[in-house]
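Colleague: Please take me through the aromatic residues of this model, then what lies around them. Short sentences suit me best.

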Amino acid sequence: MEFETKCLHAGYQPENGEPRVLPIVQSTTYAYDSTEEIGKLFDLEAAGYFYTRLANPTTGAVEEKIAALEGGVGALCTSSGQAATFYAVLNILEAGDHMISSSYIYGGTYNLFAHTLRKMGIEVTFVDQDASKEELLKAAKPNTKAIFGETIANPAVKVLDQEKFASVAKELDIPFLIDNTFATPYFCRPFEFGADIVIHSTTKYLDGHAVQTGGVIVDGGKFNWNNGKFPQLSEPDETYHGIVYTEKFGQAAYITKARVQLMRDLGATPSPQNSFLLNLGMETLPVRMDRHFENAVTIAKYLTEQKAIKHVYYPGLESDENYNLAQKYVPNGLCGVISVEFAEGKEQAAKWLDALELVSLEVHVADIRTCALHPATSTHRQLTDEELQQAGISPGLVRLSCGIENVNDLLADLQQAFDKLEG
Ligand SMILES: *Cc1c(COP(=O)(O)O)cnc(C)c1O
């Protein structure tokens, strides 16, 4: 099946007389006839549903669809993108371990890495993703267990050189984890560039309608966890009578462990209702993304012509410093998110934002409705000036998430707000 077809048909194919649309199985539990059958499920000797915290048919269909879209061997849905990133790391790192991360990442991910993981004994070194491979390797330590970046960074809208990160990972014999939220698998499939684990906040484009929060971890299935660095996967798990994930589950060791151990113990499971909504959104992903991209290019060009705007960050523009990276990694299109720098800084940005009428101010991106946000006073307000700078955010930076409205209505709204700056 081609990508567009998978968006509609992967994960759920009804048999004769069954519902055409993926049903919501709103049940926490599943009935069995014998203690023996239930026992086998608990021992991971048989596959099947027994409790929705671990697996649910609606969520399972969505996981299968996302794995198919990314080209992975399996996926695990979580109740938010934050939970997905947390589990993806915790599944392989523990107290005493170290990770390298690009500094151009989502504010929530930064907090998780810089503060919460640190409290748990996991140390993260932030690097400039544009540094050379040699420079990046200097951040490595004997206990480095992963490297992390975002396909298109939120909110700096910078494109990651994935092959460079993959080659650093290869040299260190560690996995490359990537947050593919902004590109979506429609525009980029990081496994094709050497990533090992893909993460999404499904709250964004995969849902697209701003109706559910969710996350997903996708396992590429290619990393060799038996290299001595990942005892969590290659040594016996006493909580399952000493099974060894790499032996029992082979290519799917990582994603199976994330489910049967971390989801079992930490429980950030999505509701079946939310999985249904996520699936509904994914059915139209390609159509929406094409329009998000088309509108964003038109709007980005328009913004470059405005006097009040000092800089437009959109790698779809030939003038953008990441244009060549975008041509390589996301050649068919980009997210609808544009970042702009107001010439006169914070107050001018705020005045313009307050003057918008059709475009609403929201702590969100990737919605079909256009919205805008001022990171320095919202999502990134906990960061110091220095940290803001490292993440590519200045006081006058505004993040505009272009929706799928008729672009002329959007341009008219942006223009009337610029007119008010003059007045
Ligand atoms: C929103 C976002 C997250 C966090 O996802 P939630 O669903 O809000 O928890 C992670 N990464 C990126 C790139 C995001 O945009």
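Colleague: Which residues join F3 in one aromatic cluster?

Modeller: F3 shares one aromatic cluster with Y186, F187 and F293. A word on the basis. This is a predicted model, in which local features need pLDDT of at least 70 and side-chain atom pairs count only at pLDDT 80 or more, while totals for chains, interfaces and linings use all residues. Residues are numbered from 1 along each chain as its sequence is written, and side-chain values use heavy atoms, with hydrogens and water left out.

Now the ring pairs. Rings of Phe, Tyr and Trp (its six-membered ring) pair if their centres lie within 6.5 Å; planes under 30 degrees apart are stacked, over 60 edge-to-face, and the rest tilted. The model has 19 aromatic pairs by this rule. One of them joins F193 to Y329, edge-to-face, at 4.7 Å centre to centre with 70° between the planes. That pair links distant parts of the chain, with its partners 136 residues apart. F193 sits in the loop between α8 (184-187) and β6 (197-201), whereas Y329 belongs to helix α14 (residues 323-329). Helices (H or I, at least four residues) and strands (E, at least two) are DSSP runs, numbered from the N terminus. Both F193 and Y329 are buried (under 20% relative accessible area; exposed is over 50%, partly exposed in between; 1.4 Å probe, protein chains only).

F223 and F230 make another edge-to-face pair, 5.7 Å centre to centre and 85° between the planes. F223 counts as buried because its relative accessible area is 15%. F230 is buried too, because its relative accessibility is 1%.

Two tyrosine rings each carry a lysine. The charged end of K158 sits over the ring of Y104, 4.8 Å from its centre (NZ of Lys or CZ of Arg within 6 Å of the ring centre and within 35 degrees of the ring normal). K204 has its charged end over the ring of Y106, 5.0 Å from the centre.

K204 deserves a further look. UniProt, in an unreviewed entry, lists K204 for "modified residue: N6-(pyridoxal phosphate)lysine". UniProt positions are given in the numbering used here, feature names are shortened, and annotations may be inferred rather than shown by experiment. K204 lies in the loop between β6 and β7. With a relative accessibility of 10%, K204 is buried. Beyond its neighbours within four places in sequence, K204 is in contact (heavy atoms within 4.5 Å) with Y106, T181, H364, V365 and A366.

Q212 is in the loop between β6 and β7 (215-219). Q212 is buried, at 6% relative accessibility. The Q212 side chain reaches the backbone oxygen of T202 at 3.2 Å. Apart from neighbours within four places in sequence, Q212 touches T202, T203, D207, N274, L277 and L278. A210 is placed in the loop between β6 and β7. A210 is not a glycine, yet its phi is positive, near 60°. A210 counts as partly exposed because its relative accessibility is 39%.

Last, the loop between β4 (144-150) and α7 (162-172), which holds P155. The peptide bond from N154 to P155 is cis, with omega near 5°. V157 is found in the loop between β4 and α7. V157 has a positive phi of about 55°, although it is not a glycine. At 2% relative accessibility, V157 is buried.

Methods
Polar contact = N/O pair within 3.5 Å; in protein donor to acceptor, adjacent residues only side chain to side chain.
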